[in-house]
Amino acid sequence: MPKAKKKSKRNTFDYGKDRKKLKKQFKKREAPRIECPQIRNAWSDKKSVARNLRDMGLAFDPNRALPIKTPTIAAVGRTEDAPAPKLVRKPYVLNELVAEASLPEKDTKTLSTDLIEYVQYMVREHSENYKAMARDEKNYYQDTPSQIRRKVDQYKRCHPEEYTTFMESLKGGKTVST
């Protein structure tokens with residue numbers, strides 16, 4: 001007759017596991033970091049995620065919030081009334097999110113310093129003659145006249161103040177030398 005299965009192995013410390021990392025992962029899973037400050041301030045740890053979002057007027061499941069209904073033959077003739085709006089307990093969160101979304105976006109387009117120096121050199125040497133710029137020995141990448149024109153226009157668009165001061169300095173320098 002075979003022996004009954006017993007737990008023959010002792011409980012030993014597992015040196016292959018990092019307890020500190022496991023604790024950190026557990027905490028992270030338990031209380032995730034909310035990046036949005038409006039939602040973080042209104043969040044309640046005692047409620048579920050779906051309940052918190054419903055109280056703020058946000059959707060937990062977009063498929064439930066805006067279901068895609070396929071028209072059926074019977075439903076074509078009748079019209080449905082819209083469901084009653086749900087009670088939003090924390091409307092200030094939604095208002096703050098809308099206000100933040102309506103702020104104008106800061107224009108952060110910029111060019112590399114190499115490209116700025118290249119364009120300034122070409123304009124300084126050849127002013128608006130793009131064919132001469134294309135034949136210049138500093139045109140290392142062998143840009144065509146239209147490519148150089150595009151780069152100059154991009155410089156004008158991304159750095160308008162810098163371009164105007166550069167052009168004024170060129171005009172000032174030309175009058176002094178002639």
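How many aromatic pairs does the structure hold? The count for this predicted model comes to 2, and the close-ups below take them in turn, along with a few other spots.

**Close-up A. Phenylalanine 13 meets tyrosine 15 edge-to-face.** The ring centres are 5.1 Å apart, with 75 degrees between the planes. That angle makes the pair edge-to-face because it is over 60 degrees. As for solvent, phenylalanine 13 is partly exposed at 49% relative accessible area, while tyrosine 15 is exposed at 74%.

**Close-up B. Tyrosine 155 and tyrosine 163 make an edge-to-face pair.** Here you'll find 5.8 Å from centre to centre and 80 degrees between the planes. Tyrosine 155 is buried, with 0% relative accessible area. Its partner, tyrosine 163, also counts as buried, at 13%.

**Close-up C. Lysine 138 puts its charged end over a ring.** The ring belongs to tyrosine 121, and the charged end sits 5.2 Å from the ring's centre.

**Close-up D. The largest nonpolar core has 16 residues.** Val119, Val123 and Tyr155 touch the most other members. Four helices each chip in at least two residues: H6 (113-126), H7 (130-135), H8 (145-158) and H9 (160-177). H6 gives the largest share, with 6 residues. In soluble globular proteins, nonpolar side chains tend to be buried together.

**Close-up E. Valine 119 and its contacts from farther along the sequence.** Skip the neighbours within four places in sequence, and valine 119 is in contact with Lys151, Val152 and Tyr155. Tyr155 is a familiar face by now: it's the buried tyrosine that pairs with tyrosine 163.

Note on methods: Residues are numbered from 1 along each chain as its sequence is written. This is a predicted model: local features need pLDDT of at least 70, side-chain atom pairs count only at pLDDT 80 or more; totals for chains, interfaces and linings use all residues. Side-chain values use heavy atoms; hydrogens and water are left out. Rings of Phe, Tyr and Trp (its six-membered ring) pair if their centres lie within 6.5 Å; planes under 30 degrees apart count as stacked, over 60 as edge-to-face and the rest as tilted. Buried means under 20% relative accessible area, exposed over 50%, partly exposed in between (1.4 Å probe, protein chains only). A charge sits over a ring if NZ of Lys or CZ of Arg is within 6 Å of the ring centre and within 35 degrees of the ring normal. A nonpolar core is a set of buried Ala, Val, Leu, Ile, Met, Phe, Trp, Tyr and Cys residues joined through side-chain atoms within 4.5 Å. Contact means heavy atoms within 4.5 Å.
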